[in-house]
Amino acid sequence: MHVHYLQEEAFTVVQGRLGFQLAGQEPRFASAGDTVAFRAGEPHRFWNAGEDELRCTAYVKPAGNVEYFLGALFASQKSNGGRRPSLFDIAFLTLRYRSEYRMTAIPATIQRFAFPVLFAIGSALGKYAKYADAPKPLQR
């Protein structure tokens, strides 16, 4: 579950079955030809809800830093063995872009207290040189 504070996000299913859920609601599903949109500030999640490959077209507008944010998360996941991004990278990205996005699936107390500690340790260990070109966060 996550939220984009500044952007609308939408998916049109081309092939397969998309599962999606809004915070506090039951999961729903979309099939080929269906479009699902999430308003800015609306916590949501989505997943492949079928046995076959899911293909969608999508947009996020305004784009803001979503391409950088997601690209960095996926690169971290890949370099971390493919299961999940490194905790140092998650701490950096969620703190840097907290004005734009929030991973609501991660408890707020962890984000508020543990992530700053991880960020400080990661900084001391030189883990964030790869983010030297990271774009500045947008403000709400």
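**How the sheet and helix α3 get their labels**

Author: In this predicted model, β4, β3 and β6 make an open three-stranded sheet, in that order, with antiparallel pairing.

Reader: What makes β4 and β6 the edge strands?

Author: β4 (28-31) and β6 (44-48) each pair on one side only, so they count as edges, given that pairing takes at least two bridges. From one strand to the next, the twist averages 25°.

Reader: How do you know that β3 and β6 pair?

Author: Two strands pair if there are at least two bridges between them. Five bridges join β3 (residues 17-22) to β6, so the pair meets that cut-off. The two run antiparallel, and Leu-22 has His-44 in β6 as its bridge partner.

Reader: Why is the span of α3 called close to the expected one?

Author: Helix α3 (residues 108-124) has 17 residues. The expected span is 1.5 Å times one less than the number of residues, which gives 24 Å here, and the helix reaches 24 Å from its first C-alpha to its last.

Reader: Where does α3 bend, and which proline follows?

Author: The bend is about 35° at Ala-114, with Pro-116 following within four residues.

Reader: Which residues of α3 are called buried, and what covers them?

Author: Gln-111, Phe-115, Leu-118 and Gly-122 are buried, which means each has under 20% relative accessible area. Residues three or four places apart in an α-helix point the same way, because there are 3.6 residues a turn. The cover over the buried residues of α3 includes α2 (87-96) and β8 (101-102).

Reader: What follows α3?

Author: Gly-126 does, and its phi is positive, near 75°.

Note on methods
Residues numbered from 1 in each chain as written. Predicted model: local features only at pLDDT ≥ 70, side-chain atom pairs only at ≥ 80, totals over all residues. Heavy atoms only, no water. Axes fitted to C-alpha atoms, helices over the stretch in contact; angles between N-to-C directions. Bend = angle between axes of the 7 residues up to and from the residue. Buried < 20%, exposed > 50% of the residue type's maximum accessible area, 1.4 Å probe, protein only. Contact = heavy atoms within 4.5 Å.
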